[in-house]
Amino acid sequence: MPPLEVWQKVLVDPKFLDDVHAKPGCIACHGGTPNTDDKKEAHKGLLPKAGNEPERACGTCHVGIVEQTRDGLHRMLWGYQTVLKRRGADFTNPKLVVAYTTHCTKCHADCGDCHISRPAALDGGLIKGHKVKRVASVFITCGGCHSARVLDEYKGAHEGIPASVHWEKQGMPCTKCHTVEEYHAGVHGTRYTGKPQPSCTQAGCHEDVRPGDGIEQHDETHLKGLACQVCHAAGAYKSCFNCHTGRDEKGIPYFATDPSQLTFKIGRNPLKSEDRPWDYVLLRHAPATHDLFGYYGENLLPDFDNEPTWKYTTPHNTRRQTPQNASCNACHGQRELFLTEEDVAPAERDANRAVIVTDIPEPVEEVGP
Amino acid sequence: MKRMRWVHVWSGVVIGLLLVAVAFWLLAQPGVAGPSDRAAKPHVPVQVQAQTTWGETLRAPVPQAPDLTPTATPYPPSDNCVTCHTDKAKLKELAEEPQKVKSEKAAGEG
């Protein structure tokens, strides 16, 4: 999605002025200087992103929501922090903090990043003349940050791989499955901490899926052994590799990754628990590397191998019928579908030992119709 | 004899009432409360206050009922912001392209 022109980013629709959110006036939320037509003077004390102070800008009315989001996943990026800590990141080390705040916190989202403006990943700017959108835009807001690894899969943007049936047939927006609590609150840990939310088998969805439900391959072994996506992801999804961060000669921060690849890999479940009991799940390569923050200091991720670089994932290209569930032997004996040692870079094998599949399921005798 | 006996009875009643009154008075004093009260009530140090003179009392402001009349919003006016930010032509005229901040070394997807 191309960025907006500079003037477009700040053009307010006069209709917004009738909205209750306009009643306090611009300066109440954004600061700045009243009673002057001089641009420089008027912008003295300006807080372009009022959401940076959510208590002041939004919390005077939306008390409960602001309270809830203070510790939310989108605001605090607990996922990044959790995984980096597992890799040994010491957030009391100034070098690590500089690296983290320079390169990782761009994804941080406050109220306005979802309800008023485009996310920073799209270079910001008002979505609709400052209209405060109660429900965020699927494409601009959710897709602005989660496009490469969620929305493109969901809409079938990768050539040759169909869209999710939830999108293609039902046109379901993100909010149909993901609850407001997921957006606003969240958990310490990653979004995969605790019970799957949303869950495919939750009430009102596929709650009748159980062994013996009449669907082929929905037997005890497959339902207990495999996460839903193993059979129902329609094809490959995006993996990223080899991210390096730093500053160039002019001091401009940058990151560089290798070109992304479409991968489909079944691996051992790194998060096996009562909540996620499956033996096999789909895995996606995260772009992390041992020297991800090497520019900022030596060995800032000393326990890098504690966390797999092939991580648990739930691709959004869901279909009932997929190439791997077309028959028993569309999966059994298909070595290329599984994450094996040769798929993993030698330097990352220790980190991924727990998710590498060593025994590919043997082909079985197909039962005729 | 009968009269003397009534004097004793009345004296006993009066003395009894006096004892009860003294007992109540003592219980009402801080620091003389029963053991259960001592356990329940936190110790509050006695505040030593300066003596207030009558003159000061008379000069003290009389408490007033709060003014519940709605007042104008305390927010500062934003007319200057609105005038400019709803005017496309003006914004185009005043727009300043930010300096390019993307490094030439940047590569790949974020």
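## Burial and contacts in chain A

In this predicted model, 31% of the 369 residues of chain A count as buried. Sequence-distant pairings show up a lot in the contact list for chain A: take the contacts between residues at least 6 apart in sequence, and 66% of them join residues at least 24 apart.

## Overall build of chain A

Chain A carries 16 helices and 7 strands. Its radius of gyration comes out at 23 Å, close to the 21 Å that the globule rule gives for 369 residues, so chain A is as compact as a globular protein of that length.

If you want box dimensions, the C-alpha trace of chain A spans about 80 × 50 × 35 Å along its principal axes.

## A look at Lys23(A)

Lys23(A) sits in the loop between helix 1 (6-9) and helix 2 (26-30) of chain A. Is Lys23(A) buried or exposed? It counts as exposed, because it has 11 C-beta neighbours inside 10 Å and the cut-off for exposed is 12 or fewer.

For a sense of distance, pair Lys23(A) with Gln334(A): the two are 311 residues apart along the chain, and their C-alpha atoms are separated by 63 Å.

## Where chain B meets chain A

Now for the interface. On the chain B side, 25 residues are in contact with 32 residues of chain A. Which elements of chain B give two or more residues to the side that touches chain A? Those are helix 4 (79-85) and helix 5 (88-94) of chain B.

As for chemistry, the side of chain B that touches chain A has 11 nonpolar residues, along with 7 polar and 7 charged ones.

Methods: Residues numbered from 1 in each chain as written. Chains lettered and ligands numbered in written order. Predicted model: local features only at pLDDT ≥ 70, side-chain atom pairs only at ≥ 80, totals over all residues. Contact = placed C-beta atoms within 7 Å. Helix = DSSP H or I, 4+ residues; strand = E, 2+ residues; numbered from the N terminus. Nonpolar A, V, L, I, M, F, W, Y, C, P; charged D, E, K, R; others polar. Buried ≥ 20, exposed ≤ 12 C-beta atoms within 10 Å, placed from the backbone. Rg over C-alpha atoms; globule rule 2.2 N^0.38 Å.
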